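Student: I'd like to learn how to read pockets and salt bridges in a model. Can you walk me through them?

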Amino acid sequence: MFRRRIAALALFLTIVPPAGGADAQAIPDPTSHFGFELGSDRKLADWDQLTAYYERVAQASPRVQLDTLGSSTLGRPFLMLIITSASNQARLEELKEIQLKLADPRTVESEAELDRLLDLGKTVVLVTHGIHATEVGGPQMAARLIHRMASSDDEEVREILDNVIFLDIPSLNPDGLQWIVDWYNRWIGTQYEAAPLPWLYHPYTGHDNNRDWYAFTQIETQLTVREAHNVWHPQIVHDIHQTGSNGARIFFPPFIDPFEQNIDPALISGINQLGAYMAAELAAEGMPGVVIHNRYDGFTPARAYQHYHGGVRILSETASVRIATPINIGWEDLRAGRGLDATVPTWNFPWPWEGGEWGLPDIVDYMEAGVVALLNNAARNRRYWLENFYHINRRAVEGWERWPEAWVIPANQTNETGLAYALRILTTGDVEVHRAESGFTADGERFPAGSYVIPMRQPYASFAQTMLEIQRYPDLREYPGGPPLRPYDVTAHTLGFLMEIDAVPVEDRITASLSDPIGIPDWDFRLPGSLSGPEAPRIGIYRSWDEPMPEGWTRWVFDQHGLVYDTVRDARIRAGELNEDYDVILFQSQSPASIREGHSPGTLPPEYTGGLGPDGLRGLQAFVRNGGRVVAVEEATEFMIDLFDLGIINAVERLPAQDFFIPGSILSVDLVETHPVNRGKGDSTPAWFWRSSRAFDVDDPEVVVVARFSEGNPLLSGWLLGPEYIGGKAAVVEARVGQGSVVLFGFQPDYRGQTVTTWPLLFNALSGEE
């Protein structure tokens, strides 16, 4: 098989550097520090070891500065390394000031000053690793690459260091990295080697931590945005990932359509040229299996903060193994799908990999080759990257024709939690938000003093625009009249609907005096009185060893609100007598098979296998019939319908995708105002509907409809095919069972911790108040 080793690092150790260069002998070698070669099969460095190594490198090398940006969710150090030449390190603050001026063209006073900035500035590149903790190659590669940059004095490295400020966040998820390495090492050499971690590999979000780049809910996202992106404003961000084993060996952009409409065309062109350059460089180095322009689109800001902040985002996805355990892939095992047949050469995949052994050494080699290619491009095209960055930001400051003059969020919003959340998103995203110091009229509408004004002639106006406007996702098909071309993620993110606030675009100039830009507000989470105090219900949230991400997101929301709850494991439900400890148990979206059966015997140690089983089913039935309440969401509703023999069916379950398709959109839901679940909500609400959501037909006298998807076309934002199949269908129902009840949510009331508008329905369902 093809296997390439980058870096004869031992050679670098023998080089005597020139004055001001790297003393390679003083830089700790990774192999001597870790006791093995980084990127070896079945060998992983954990976060404690990696942190110690970065501290040693920073102490030894004048090229490397180590910053601790803060602490992770569980208190581990969250690190960023700044790597550049020793001479650049000596003037780092000056270079940062140049970058800040290029990021905000309003501060550049003349063409002469601009020329000076472009002459003196450096390309700023941010590389991030390991947000998904099972994708172990990135954090292992990072240490090897940083050693190379710290110790080598070859011409390629010197050119990079002279022209680039290289920011490296070696793990976006230190907690998950430590968990995965500990878990993997525990079971090496046993039947459980490379077994899945039986809990989410981020404390709250699991894989969804890479969908947090506009909501900024998690500590790790906040630190990266506030302390890296917003401080350095990189021209290039490279986010390193891994993907499935049976396709291409590595993916680079260009992305496929659609791109979200507020991304500057020059930025898209920059993505295209850089990704294609990286692919060409790997091919030139003899590395087959590289694909571009496949599968990943450029639509959602949830995965692409930099697209709205003047810089390009390069995603790479390298083929995985079983954590660090190598695999063999035959030619016949290479698969076709999502626009790629991994055995057929095409314009965007000219050199298929022939199959064979694939291991962590290959992953790390491909990743490092990709980063080095990117850094070379950033160094050799320094002037292009700085000019492109400046002109993108200048166009934003001048305003786009399709943008309004300003957005106004009127004062005296009724949902103060949603208002604080939305303002926090905008200001964390470096958007300038002002307050009107007096009332004013714009476009014939009167706005009171204290209203929030977002002028749309500012560097990051595109971020404000995409977050505040309504999304209309294009109707893309695999072929004319065929199934929809599935988005990589979702199709809507309108803050007004998610947060239940009003945001108004205006074309008139604002005549009122405006305050200086506001700071980032604190969260304003408010726990309903019915869920606090001695009379509050005793709440449990089901947490299986096959843990779903929505459950983690819901724990995050509960914790932010200070809600007291227990996590309920399978063993506790199997033990029965649930009414002794709980009044209500929440089942977040999880497949019936996963709830009933869990992990299969033999796939994990016995204490992590099995689901509720027969005893758990009986325990749950008794809990409800004896007066308990179960609240179930999306997929878990199917389990409850079967368990309690309810006369409810999923009305959209068997419809073909070309007839009915909602890949992640915001719909309108009509509420039965007299029902307790809807207390305080009025007659309608936006709601989140996506791949695991349901719409119900009800034929059961013990079931009452709590909410319905609005008649006609209920789409508010995103993409919906076949509105006639969902309009008027039940969205939330409640069933009486014995002395208790079951509440079923067909939509997701807590989408990624963002749907403030439907949190009250979930809280009311948990409170059980009549």
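Tutor: Sure, and keep in mind that this is a predicted model. Let's begin with the second largest pocket: by class, its lining has five nonpolar, seven polar and five charged residues.

Student: Which residues are the closest to the centre of the second largest pocket?

Tutor: Of its 17 lining residues, those are Asn 415, Thr 417, Arg 526, Pro 528 and Pro 760. The volume of this pocket is about 410 Å³.

Student: Which helices each supply at least two residues of that lining?

Tutor: Helix H14 (416–428) and helix H22 (759–767) do. H22 gives the most, with four residues.

Student: How does one find a pocket in general, and what is the volume of the largest pocket?

Tutor: The general idea is to roll a probe the size of a water molecule over the atoms, which shows where empty space is left. In this structure, the largest pocket comes out at about 560 Å³. Its lining counts 25 residues, and nearest its centre lie Arg 486, Ile 662, Trp 690, Arg 691 and Ser 692. Sorted by class, that lining has 12 nonpolar, four polar and nine charged residues.

Student: On to salt bridges. How many does a search of the whole structure find?

Tutor: Generally, side chains of opposite charge can pair when their charged atoms come close. Here the search finds 40 salt bridges. One of them joins the side chains of Glu 387 and Arg 383, at 2.9 Å from N to O.

Student: Where do Glu 387 and Arg 383 sit relative to each other?

Tutor: Both belong to helix H13 (residues 382–398), and because they are four residues apart there, about one helical turn separates them. Glu 387 is partly exposed at 29% relative accessibility, and Arg 383 is partly exposed too, at 27%.

Student: What about a pair that links distant parts of the chain?

Tutor: Take Glu 769 and Arg 679, whose side chains form a salt bridge at 3.6 Å, N to O. Glu 769 is in the segment after H22, while Arg 679 is in the loop between strand S26 (665–671) and strand S27 (684–689), 90 residues apart. Glu 769 has a relative accessible area of 39%, so it counts as partly exposed. Arg 679 is partly exposed as well, at 33%.

Student: Which residues are linked in a network of salt bridges?

Tutor: Look at Arg 144, Arg 148, Glu 156, Asp 365 and Glu 368: salt bridges link them in a network.

Conventions
Residues are numbered from 1 along each chain as its sequence is written. This is a predicted model: local features need pLDDT of at least 70, side-chain atom pairs count only at pLDDT 80 or more; totals for chains, interfaces and linings use all residues. Side-chain values use heavy atoms; hydrogens and water are left out. On a 1 Å grid over the protein atoms alone, a cavity is a set of points where a 1.4 Å probe fits but cannot get out, and a pocket is an open set with protein on both sides within 12 Å along at least five of seven lines; lining residues have an atom within 4 Å of a point. Grid points are joined across faces, edges and corners, and a volume is the space filled by probe spheres set on the points. Ala, Val, Leu, Ile, Met, Phe, Trp, Tyr, Cys and Pro count as nonpolar, Asp, Glu, Lys and Arg as charged, and the others, Gly among them, as polar. A salt bridge is a side-chain nitrogen of Lys or Arg within 4 Å of a carboxyl oxygen of Asp or Glu. Buried means under 20% relative accessible area, exposed over 50%, partly exposed in between (1.4 Å probe, protein chains only).
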